[in-house]
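Work through the exercises below with the sequence and the structure at hand. Each task is followed by a worked solution.

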Amino acid sequence: MVTYRALSDTELVALLNKSDQLAYTEIFERYKQLLYRHAFRILNDHEVVNDIIQELFLAIWQKRETLVIHSSLTAYLFQSVRNRIFDWIAHQRVESKYLQSIHDFAEKAGFITDETIRARELNRIIEKEIASLPPKMRTVFDLSRETDLTYKEIGEQLNISDKTVKQQVYNAVKILRLKINSFLFFIHL
Amino acid sequence: MMQPEEIKALLEKYVSGGLTDAEKAMLESWYIKQADSNDVPLDEYTMQQNLRQMTARLPVQKSSPALLHRLWPKVAAAAIVLLTGSAIWFLTKRPVTEKPVLAATTAPQMVSPGKDGAILTLADGRQIILDSTGDKIIANQNGARVLLEDGRLVYKSLTAGNRQNDRSAISYNTVATPRGRQFQLVLPDGTKVWLNAASSIHYPTAFTGSERRVEITGEAYFEVAHDKSKPFHVRSNKQEVEVLGTHFNIMAYDDEPAIKTTLLEGKVKVHSNTNVILEPGEQAIVNGKIKVALVNTEAAVAWKNGEFMFRNEPLENIMRSIARWYDAEIIYKTDVSKKAVWGTVTKYSNVSDVLNMITLTGVAHFRVEGKKIIVLP
């Protein structure tokens, strides 16, 4: 009996391509809160956020067979949320507070003109969100996202020699991968 | 200075393309600023409620029986019962306050949910059981290779191009699903077909000629491959549907009072005594005459997405769907003619879960005995 919680994001997507409903469920379970909170910070409206996240996951199921993710699943999901939020705001009336907010922002100076810096900045925000997840969720999330090893393999590796040393090595590797991931995160839009 | 109208235009271009670097920088910087803000605190309770509702509306695997059992004893009022748990079921009338009766707690579970699988009958009469496991080549027929790929039946043409004039090469196959099984296949022209339980499709191994014709019994969902030169026709009982390239569902079970054809995308013409042309979102109900209704297309094709979705559906119709999927016999010990149910649940749960959800709405109680489901008041 496979524990879907132990599968990496890449493995889940591969299963999703084969219409594996449990893989879809795990992806949903893994990301639902993260995406909801993130969207809520931007829109501050439960009803709208609910609709957007639900439509996103519905669409993911509908195109499950043809879904190809070149970046990471995290990048894909956050990118999709951002696109959907922009698209939703685009369809609001001109008096909408969101358009007003963008208008006010556009008046002032202070845009981040460098695309790379924007990508890193957004990544930092997302990492902050992940860091504030409950510990158990976060462990599964981090391990399966940063590496392509299954939890079992990672556990085995960590148990091989001195735990503290291994943990430090693991942390170092994690940070390195984080840096690499964040560079690729939002560049390819 | 940028007016809201201009901003709307920019936002639309964000996804479709055409923004300058400066415009993109502005939008993304705004987004980052919002994403880093904490202006409005998130009400956890509302979020959790919404996420639970979302779970019910998505094709996710709902809670396992063990989890469900644990929830019920904690429940005090009907409102909370309806909100917690993974599937939300409503009655058109008031919600009910009694605790649900678990159908088969003591008896062993005999009625398990359906799986993928079908029987292929070739032109020469040979029958092959198509299990959803393992990829393999089933047969070579008249220039087409028939494969079982990822649990689907797929036809791949071995010869390049169409053999337009080779009528002698046409042979017909039938794929049939028994009760408790559903199946997916790809026809020689690339058309995708999902067959529900207790259904069949009869089709040629190659679509030569000026038309593409297939015949079905039971229920099937089609995503027809575009081919303007060859209209696609589906025959079922006393109805024929003519298609150009489109997504639609036909429900034509013998034990249902009417044939229902639901269009999701594209255009179809439904013939039966008279004709009618359907637009997306419409359903043709054929029973002697043809009626057209606007329906929830999601509910009509929920079965292919692994769900039972009922929107104010009469209980009798629901019990028939359950009977086909779980290969069970329904015995009525009460009149259910005025009862309707509204809800969504995965098809891959145990029948007792599905029945318990229905019980929560107060329309009926159930007892499961082996392969029989007894409907009680």
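**Exercise 1.** In which sense do strand 11 and strand 12 of chain B pair, and over how many bridges?

The model is predicted: local features need pLDDT of at least 70, side-chain atom pairs count only at pLDDT 80 or more, and totals for chains, interfaces and linings use all residues. Residues are numbered from 1 along each chain as its sequence is written, and chains are lettered from A and ligands numbered from 1 in the order in which they are written.

Step 1. Locate strand 11 at residues 232–236 and strand 12 at residues 239–243 of chain B; strands (E, at least two residues) are DSSP runs, numbered from the N terminus.

Step 2. The pairing is antiparallel, over five bridges; two strands pair if DSSP finds at least two bridges between them.

Step 3. Check the turn: two residues separate the strands of this hairpin, and B:Asn237 there has a positive phi of about 50 degrees.

**Exercise 2.** Which residues are the bridge partners of B:Glu240?

Step 1. Towards strand 11, B:Glu240 is the bridge partner of B:Arg235.

Step 2. Strand 12 is also joined to strand 15 (residues 268–272) of chain B, antiparallel, by four bridges. In strand 15, the partner of B:Glu240 is B:His271.

**Exercise 3.** Why is one side of strand 20 and of strand 22 of chain B left without a neighbour in the sheet?

Step 1. Read the strand order of this open, mixed sheet in chain B: 20-23-22.

Step 2. Strand 20 (329–332) and strand 22 (365–369) stand at the edges, each with a single partner strand, so one side of each has no neighbour in the sheet.

Step 3. Strand 20 pairs with strand 23 (residues 372–376) in the parallel sense over four bridges, and B:Ile330 stands opposite B:Ile373.
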